[in-house]
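Me: I would like to go through the contacts in this model step by step, beginning with the two chains and then turning to the domains within one of them.

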Amino acid sequence: MTAADIPDDASIGRTRTGTVRLRPGSRAPGVLLIVALLLLWELSSRAGWIVSAYWPPVSHILAAAVAQLAGGEILVSLAATLRRAAIGYVAASVAGIALGIVLARNRALRCGLLPLIEIVRPMPTPAIIPPLILFLGVDDALKIFIVALASFFPIFTTTFVGVASIDDTLIQTARTFRISSTRMLYGVVLPATLPAIAAGLRTATSLCLVVAVLSEMIAGSSGVGYYLVEMQYAMRPDLMYAAVFYLALTGYALNRGFLALEARLIPWMGKT
Amino acid sequence: MRRAFVLFGLLMMGLVALPASRAPAADLEKLRVSIIPIGDVAPLFAAIQNGYFRELGLEIDTTPSAGGAAGIPGLIGGSFDIVYGNVVSALLAVQQGLDVKVIAAGTNLADPAMDATPILVRSDSGIKSGKDLEGKSIAVNTRNNVIWLYARAWVKATGGDPERVTFKEVPFPQMEDALRQQRVDAAFMVPPFSIVASQKGGLTKVGHPYSDVQPGVDVGQYIATGKLVAARPETIRKFVTGLRRGVEWYNANLASDELFKLISGYTRVDVALLKMAPLPALPLRSDMSQVKKTMDLMIENKLLPAPLDLQKIIDPLAL
């Protein structure tokens with residue numbers, strides 16, 4: 001669990017496990033640490049401890065962040081990145097969940113496909129980008145494919161494991177009632193696996209953004225990834241760090257949004 | 001299953017991408033050009049801005065690639081029609097059996113006084129030549145590329161053995177930091193980084209590999225696939241004509257604010273920073289004898305096993 005998983009709002013009352021009660025303000029030490037680190041950054045740059053064009057004072061970065069937002073350019077870049085991340089993510093979710101369920105429940109397919117999936121999984125994405133450029137070009141097809149590929153594995157793996165580890169009593173009980181296989185899927189397997197699927201989906205949420213940015217840094221001409229490299233080569237580290245800041249903010253917001261959605265849609269998450 | 005997955009991804013993409021695509025101007029022929037956002041491609045942007053291509057019935061769509069890595073793979077994969085690259089990449093591509101041709105000159109360093117691509121060392125290091133760099137390290141942006149090749153050639157030309165020098169890959173923006181932090185002992189840098197680095201003090205230029213090794217070297221080139229040159233010769237001819245008009249405009253406006261503003265527009269570098277570096281005049285035509293010299297260097301440094309037929313690689317249009 002990361003810090004972001006823990007609800008800090010006192011009105012929530014209790015966490016999903018129902019055991020720990022967090023008081024408001026429990027986050028203060030964490031925030032203080034961040035502030036202290038930023039101050040250290042500011043000081044090290046201003047006092048000349050670190051002399052580099054790529055170590056501007058934090059205050060310059062904040063000023064750049066404000067100007068950047070006012071110019072609207074960062075929003076255009078973020079939108080391009082988010083669009084790619086979202087399409088890849090949706091494709092990966094559909095494929096990951098479907099394959100996860102099918103493979104967990106079908107022995108023949110499992111034997112046929114699992115070795116391929118296990119071989120592809122550990123491949124580092126950046127290493128396969130050059131050959132992918134040959135087949136997919138340098139535009140959206142390439143980037144979305146890379147995002148989808150990277151997001152697929154956590155979703156597939158958690159779904160697969162989730163389905164495989166459903167309490168056998170549940171299945172047996174359902175069988176006693178001789179329900180159809182469709183109903184078995186929608187009424188038993190899916191609800192029981194949803195928490196596992198959600199865990200995979202959430203891992204993929206942060207991953208898809210990272211990979212989308214990475215793919216834009218290697219090829220292409222739009223999105224936050226391209227913007228970061230462009231600003232590096234234009235010797236504007238203040239704008240580069242400001243973009244990183246917005247990226248972090250976006251990732252954080254995505255994670256929070258996901259948690260809120262999860263609490264609403266899967267209230268039985270975290271309970272057995 | 002994987003294919004269904006790819007198809008699904010493509011379908012999704014199509015759904016989202018459709019409303020975003022614009023209809024191109026009906027009467028203009030479109031060319032997609034991959035560029036590196038540096039001063040070298042200013043003539044191309046000048047030609048676009050001044051409407052030279054439009055007058056010839058061409059619409060140029062530039063795609064910047066900051067590192068330049070996507071260039072030739074993208075060309076072969078069909079993402080681009082033309083790529084701005086360097087002579088070494090082009091010859092390596094041919095060696096690998098790829099069907100590429102040089103269609104126009106990009107840069108050459110005719111005037112050593114205008115060479116802003118030095119090898120920098122720390123002033124207190126005592127390093128003065130390639131001989132002094134033996135057992136030490138030099139930063140290049142990528143191994144086996146044009147920068148690496150001329151760094152090696154410079155080490156040799158100044159009495160050193162390139163085999164005894166370590167070449168470390170460091171991206172251009174990070175070279176100054178790596179040098180000052182003593183992670184490397186020398187760095188082969190390009191503008192604007194070389195300008196900014198040498199202005200701050202503490203670093204010394206010990207040489208200019210391009211002009212020291214091979215004055216007049218053709219570094220940059222516009223490259224297309226042989227297939228495209230054969231299939232649409234008239235289009236390529238128009239491109240070269242428009243580009244040459246851009247070069248003429250560029251050479252006539254070297255010190256003008258308009259040119260600096262143009263470069264700042266696509267590189268995003270501040271005009272004040274750009275003005276620190278002299279802009280070299282750019283060539284109208286490729287120089288076959290210079291490409292031959294580069295090819296010989298590549299053979300010497302084992303980038304190529306044997307000479308290539310340059311007559312086939314350099315299209316007559318470029319000469």
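**Contacts between chains and domains**

Reply: In this predicted model, 35 residues of chain A are in contact with 32 residues of chain B.

Me: Which element gives the most to the side of chain A that touches chain B?

Reply: The candidates that each supply at least two residues of that side are α3 (73-105), α5 (129-136), α6 (140-164) and α9 (223-233) of chain A. With eight residues, the element that gives the most to the side of chain A touching chain B is α3(A).

Me: How many residues of the side of chain A that touches chain B are nonpolar?

Reply: That side of chain A also holds five polar and five charged residues. Alongside these, the nonpolar residues number 25.

Me: Which element gives the most to the side of domain 1 of chain B that touches domain 2 of chain B?

Reply: Chain B is divided into domain 1 (20-110 + 217-318) and domain 2 (112-213), and their contact takes 19 residues from domain 1 of chain B and 15 residues from domain 2 of chain B. On the side of domain 1, two or more residues come from each of α5 (87-95), α13 (271-274) and α14 (288-300) of chain B. The element that gives the most, with three residues, is α5(B).

Me: How many residues on the side of domain 1 of chain B that touches domain 2 of chain B are charged?

Reply: The residues of this side of domain 1 of chain B include 15 that are nonpolar and four that are polar. As for charged residues, the count there is no residues at all, that is, none.

Me: What distance separates the centres of domain 1 of chain B and domain 2 of chain B?

Reply: Taken over C-alpha atoms, the centres of domain 1 and domain 2 of chain B are separated by 26 Å.

Terms used. Residues numbered from 1 in each chain as written. Chains lettered and ligands numbered in written order. Predicted model: local features only at pLDDT ≥ 70, side-chain atom pairs only at ≥ 80, totals over all residues. Domains from an automatic or database assignment. Contact = placed C-beta atoms within 7 Å. Helix = DSSP H or I, 4+ residues; strand = E, 2+ residues; numbered from the N terminus. Nonpolar A, V, L, I, M, F, W, Y, C, P; charged D, E, K, R; others polar.
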